[in-house]
Protein chains: 2
Amino acid sequence: MSSIDKRIYQLQADVCKALANPLRIEIINTLKEGAKTVTELVDIIKVNQANLSQHLAILRSKKIVEARREGNSVYYSLANPKIIEACNLLRRILREQLEAERKLISIK
Amino acid sequence: MSSIDKRIYQLQADVCKALANPLRIEIINTLKEGAKTVTELVDIIKVNQANLSQHLAILRSKKIVEARREGNSVYYSLANPKIIEACNLLRRILREQLEAERKLISIK
DNA sequence: ACCATATATTCTAAAATGAGAATGTTACCC
DNA sequence: GGGTAACATTCTCATTTTAGAATATATGGT
């Protein structure tokens with residue numbers, strides 16, 4: 001295996017790791033509607049501010065979201081539409097899978 | 001937010017968590033060529049057997065791979081082509097991103 | 001039944017992650 | 001410059017994850 005392959009595997013694992021938390025998934029999903037300040041996110045997601053900032057830092061470090069300061073506030077938005085696409089695709093698949101399982105159960 | 005949304009977020013986070021390890025990504029990528037026994041995977045990926053089995057168990061528990069016993073050996077294969085598609089999409093995106101960064105650096 | 005091979009599980013110690021409290025920093029207003 | 005709101009960072013502690021060693025569990029061959 002080439003060393004570039006190894007880097008890709010590591011990179012992909014890192015991105016997945018950043019996505020591997022329900023709160024962070026919720027943040028991403030909320031930001032799909034458009035940029036939001038930290039305070040807005042705290043209100044929407046109902047999470048303690050320090051903790052939210054930590055999760056935002058993780059998403060920022062993987063270039064999944066980006067921050068833009070505007071006066072007193074910091075607006076967060078989705079940085080990479082393509083990665084979000086992959087994320088959406090996965091969610092759609094899992095939603096379908098869940099739905100299919102639900103139907104199976106109701107047949108039994 | 002509905003409780004079904006919460007379940008989806010948790011499910012998506014769980015699947016991403018299963019993908020959040022370079023070894024497991026490599027396993028998935030190796031299995032794209034077709035089913036392999038544990039011994040074959042040990043040889044290809046160069047990893048200790050106990051550890052590989054642990055990673056396979058994680059992928060199995062999230063229904064990302066499935067196992068089929070054949071005599072003495074256990075063949076592993078990809079269980080859900082759709083999830084693999086999302087995984088491939090993400091890899092493609094990251095590969096392009098890496099390539100783009102590489103080019104940017106060479107311009108500087 | 002016994003042995004060897006293939007795979008899985010359990011155990012342990014180290015490292016990483018998560019939440020929340022406390023504290024720092026930045027920018028605005030007076 | 002002092003105060004306040006918005007956000008980030010640091011610290012602590014509990015939990016989870018990881019690799020590898022040791023051990024257990026098949027299965028097929030003799």
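**Figure 1. Ile107(B), out at the end of a helix range.** In this predicted model, Ile107(B) belongs to helix α5 of chain B, which covers residues 81–107. Is Ile107(B) buried or exposed? Its relative accessibility is 69%, so Ile107(B) counts as exposed. For a sense of scale, pick Asp5(B) as the partner: the two residues are 102 places apart in sequence, and their C-alpha atoms are 45 Å apart in space.

**Figure 2. Thr30(B), tucked away in helix α2.** Here the view moves to helix α2 of chain B (residues 22–31), where Thr30(B) is found. With a relative accessibility of 8%, Thr30(B) counts as buried, because the cut-off for that label is under 20%. What does the side chain of Thr30(B) reach? It reaches the backbone oxygen of Glu26(B), at a distance of 2.7 Å. Once neighbours within four places in sequence are set aside, the contacts of Thr30(B) are Lys36(B), Leu41(B), Ile44(B) and Ile45(B).

**Figure 3. Two lysines with positive phi.** Lys46(A) has a phi near 60 degrees, a positive value in a residue that isn't glycine. Where does Lys46(A) lie? It lies in the loop between α3 and α4 of chain A, and it is exposed, with a relative accessible area of 69%. Over in chain B, Lys63(B) isn't a glycine either, yet its phi is positive, at about 60 degrees. Lys63(B) is placed in the loop between α4 and β2 (65–70) of chain B. At 56% relative accessibility, Lys63(B) counts as exposed, since the cut-off for that label is over 50%.

**Figure 4. The nonpolar core and one of its hubs, Ile64(B).** How many residues make up the largest nonpolar core? It has 59, and the ones with the most contacts inside it are Leu19 and Ile64 of chain A plus Leu19 and Ile64 of chain B. As background, nonpolar side chains in soluble globular proteins tend to be buried together. Zooming in on Ile64(B), and skipping residues up to four places away in sequence, the residues it touches include Val15(B), Ala18(B), Leu19(B), Ile28(B) and Leu59(B). Also among them are Ser77(B), Leu78(B), Ala79(B), Asn80(B) and Ile84(B).

**Figure 5. How chain A maps onto chain B.** Take chain A, rotate it by 180 degrees with 0.0 Å of shift along the axis, and it superposes on chain B with an RMSD of 0.1 Å. That is the relation of a two-fold axis. Which residue of chain A comes closest to the rotation axis? Cys16(A) does, with its C-alpha at 2.6 Å. Both copies use the same surface, as 97% of the contact residues of chain A recur in chain B.

**Figure 6. DNA strand C and the residues around it.** There are 23 residues around DNA strand C, and Lys17(A), His55(A), Thr39(B), Gln49(B) and Tyr76(B) come nearest. Of the strand C atoms that come within 4 Å of the protein, sugar and phosphate account for 64%. Phosphate oxygens of strand C are involved in two of the pairs shown: one is 3.3 Å from a side-chain N or O atom of Asn21(A), and one is 2.6 Å from a side-chain N or O atom of Tyr76(B). Gln54(A) meets a base instead, with a base oxygen of strand C 3.4 Å from an N or O atom in its side chain. Which elements give two or more residues to this surface? They are α4 (49–61) of chain A along with α3 (38–45), α4 (49–61) and β3 (73–78) of chain B. By class, the surface near strand C splits into 6 nonpolar, 13 polar and 4 charged residues.

**Figure 7. DNA strand D and the residues around it.** DNA strand D has 24 residues around it, with Thr39(A), Gln49(A), Ser53(A), Tyr76(A) and His55(B) coming nearest. Sugar or phosphate supplies 66% of the strand D atoms within 4 Å of the protein, and bases supply the rest. Phosphate oxygens of strand D pair with chain B side chains through an N or O atom of Asn21(B) at 3.3 Å and an N or O atom of Asn51(B) at 3.0 Å. From chain A, a polar backbone atom of Val38(A) is 3.4 Å from a phosphate oxygen of strand D. The elements giving two or more residues here are α3 (38–45), α4 and β3 (73–78) of chain A, together with α4 of chain B. What is the class make-up of the surface near strand D? It has 6 nonpolar, 14 polar and 4 charged residues.

Methods. Residues numbered from 1 in each chain as written. Chains lettered and ligands numbered in written order. Predicted model: local features only at pLDDT ≥ 70, side-chain atom pairs only at ≥ 80, totals over all residues. Heavy atoms only, no water. Near = heavy atom within 4 Å. Polar contact = N/O pair within 3.5 Å; in protein donor to acceptor, adjacent residues only side chain to side chain. Helix = DSSP H or I, 4+ residues; strand = E, 2+ residues; numbered from the N terminus. Nonpolar A, V, L, I, M, F, W, Y, C, P; charged D, E, K, R; others polar. Core = buried A, V, L, I, M, F, W, Y, C linked by side-chain atoms within 4.5 Å. Buried < 20%, exposed > 50% of the residue type's maximum accessible area, 1.4 Å probe, protein only. Contact = heavy atoms within 4.5 Å. Least-squares fit on C-alpha atoms with pLDDT ≥ 70 in both.
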